[in-house]
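Please walk me through this protein model. I would like to know what lies inside it and how its parts meet.

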Amino acid sequence: MGTSRTRRAGARATATTRAALALAAAGALTLTACSGNGGDGGKSKGGSEGSSGGVSVQLPKLTGQKLQVAAVWTGPERASFLKVLEEFEKRTGATVDYIPSGDDMAGFIGSKVAGGGQPDVAFPPQVGVLREFARKGWLKPLGPEAKEQLAKNFSPGWRKLGSYNSTEYGVYYKASNKSLVWYNTKAFEDAGVAEPKDWAEFLKTAQTVADSGVPPVSVGGADGWTLTDWFENVYLSQAGPEKYDLLAQHKIKWTDPSVTQALTALGRLFGTPGLLAGGNSGALQTQFPASVTQTFSGQPPKAAMVSSADYAATNIAQTKAEVGKDAKVFPFPAVGSRSPVVTGGDAAVALKDTKGAQALLTFLASTDAAKIWAQAGGFISPNKELDRAAYANDTMREIAEALIKAGDDFRFDMSDQAPASFGGKPGQGEWKDLQDFLKNPKDIAGTQKKLEQDAAKAYGS
């Protein structure tokens with residue numbers, strides 16, 4: 001979540017192509033870490049001319065109409081999204097009311113549908129939840145205008161992610177590159193360490209930073225989805241994309257040896273004293289926003305690095321740290337033969353068959369809407385026609401460029417593909433099981449057994 005988690009759905013490519021794209025993405029991020037904020041003077045690195053100015057899509061007049069929109073975003077993310085809704089209101093005359101859903105989007109929408117008061121548009125942050133809504137008949141298919149924007153601006157992989165049984169329902173407005181580690185440059189300089197390239201180097205770097213007097217790794221374990229991100233990056237890199245797909249579909253069990261290997265690798269971080277800010281108990285009490293801000297606040301900071309998607313930039317902006325200078329980023333270290341490329345995203349779907357809902361989906365599929373949040377920062381879009389000059393700084397620009405260059409060769413957040421009862425609910429399923437693992441990293445067999453029990457129940461297998 002956070003917004004978000006790792007994508008999948010059907011894009012298939014050869015292992016050679018995947019490796020090349022992963023390396024390309026890693027290379028782009030390595031350049032980013034050294035670029036600062038002014039490397040290209042704000043010049044475009046891609047995208048259409050129409051996205052850099054003017055209006056790319058015409059919207060209907062909706063004077064007097066009122067819409068409700070539900071999403072998980074709070075704080076700075078909410079503030080940025082409200083700017084998008086304000087532009088929609090300005091151009092259509094409609095009034096839009098934003099409702100924070102909380103992390104449990106499935107439960108929130110379910111209760112609204114039961115009471116007959118569902119919002120016009122919602123942003124499920126998990127593919128599994130979108131499919132669940134479609135299967136239950138809650139979603140309205142995209143209209144012709146929205147589909148036209150989608151076909152023009154999005155690759156087939158992202159369009160397929162928003163579909164169910166070959167019908168298009170969702171517009172992936174906001175995406176995320178989840179295979180990143182953000183770090184405090186001063187903490188690294190003081191410890192005399194450089195960006196690690198693989199898992200062994202990462203653990204060695206963490207120990208060196210710990211020896212310098214700064215807790216090396218910040219983990220927001222109070223939000224269980226952060227732990228699924230850790231697991232998925234380790235698993236994808238170590239087990240490979242084919243196994244990843246099988247586990248995501250529960251075609252292999254969570255008791256599989258590949259899961260044992262991944263939890264063992266992750267346990268070397270979670271189970272080594274002194275490597276987690278606040279220790280294991282402190283990590284379990286730290287929510288995601290604090291896991292980021294504590295890495296870039298204070299002298300010395302409470303942590304030197306945090307594994308998080310690109311949207312961490314929004315939280316870093318709440319500190320005095322400057323992205324590209326005080327806060328830099330490197331690709332998630334390779335646990336296997338190469339670094340992973342895991343993505344997530346939030347898809348807009350219509351829950352009411354209204355002109356206003358369809359107009360908003362059309363707007364969200366356009367470069368006009370993507371540009372607004374890109375300029376605000378803490379956001380990347382899978383909209384391939386968005387001019388990369390719209391992004392707030394070189395760091396976000398390069399992260400977005402890597403995502404677009406990957407095309408359809410990515411893996412979507414595994415927990416987001418799962419049924420919500422397993423992969424998308426606080427206090428249960430994978431979120432809870434991995435929190436228990438963080439509490440006791442030595443209990444690998446017990447963790448696997450519980451994960452398989454919960455998965456089998458959720459998948460009905």
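Start with Glu 430, which is buried at a relative accessible area of 1%. The cut-off for buried is under 20%, so Glu 430 qualifies with its 1%. Keep in mind that this is a predicted model. Glu 430 sits in helix 20, which covers residues 429–439. What does Glu 430 contact, leaving aside its neighbours within four places in sequence? The list is Thr 228, Phe 231, Glu 232, Trp 254, Ser 415, Phe 422, Gly 423 and Leu 451.

Stay with helix 20 for an aromatic pair. Of the 30 aromatic pairs in the structure, one joins Phe 270 and Phe 437. Their ring centres are 6.2 Å apart, and the planes make an angle of 55°, so the pair counts as tilted. Phe 437 belongs to helix 20, while Phe 270 belongs to helix 11 (residues 257–270). The two residues are 167 residues apart, and their pair links distant parts of the chain. Are these partners buried or exposed? Phe 270 is buried at 1% relative accessibility. Phe 437 is buried too, with a relative accessible area of 0%.

Now step back to the whole chain. It has 461 residues, and 61% of them are buried. Its secondary structure comes to 21 helices and 13 strands. The accessible surface is about 16,600 Å², and carbon and sulfur atoms account for 51% of that.

Next, the nonpolar cores. In soluble globular proteins, nonpolar side chains tend to be buried together. Here the largest nonpolar core holds 88 residues. Which members touch the most other members? They are Phe 81, Phe 123, Trp 182 and Leu 364. Helix 15 (residues 355–364) gives this core its largest share, 6 residues. Leu 364 touches Phe 81, Val 84, Phe 123, Val 171, Tyr 173, Ala 348 and Ala 369, not counting residues up to four places away in sequence. A second, separate core has 50 residues. Among them are Tyr 183, Val 214, Val 259 and Leu 451. Leu 451 also appeared above, as a contact of Glu 430.

Finish with the rings. Phe 81 and Phe 123 are also part of an aromatic cluster linked by ring pairs. Its other members are Trp 73, Tyr 98, Tyr 173, Trp 373 and Phe 379. Tyr 173 is also one of the residues that Leu 364 touches. At Trp 373, a charged residue joins the picture: Lys 174 lies over the face of the ring, 5.3 Å from its centre.

Terms used. Residues numbered from 1 in each chain as written. Predicted model: local features only at pLDDT ≥ 70, side-chain atom pairs only at ≥ 80, totals over all residues. Heavy atoms only, no water. Helix = DSSP H or I, 4+ residues; strand = E, 2+ residues; numbered from the N terminus. Buried < 20%, exposed > 50% of the residue type's maximum accessible area, 1.4 Å probe, protein only. Areas by Shrake-Rupley, 256 points an atom, 1.4 Å probe, with all protein chains shown as cover. Contact = heavy atoms within 4.5 Å. Core = buried A, V, L, I, M, F, W, Y, C linked by side-chain atoms within 4.5 Å. Phe/Tyr/Trp six-rings, centres within 6.5 Å; stacked < 30°, edge-to-face > 60°. Lys NZ or Arg CZ within 6 Å of the ring centre and 35° of its normal.
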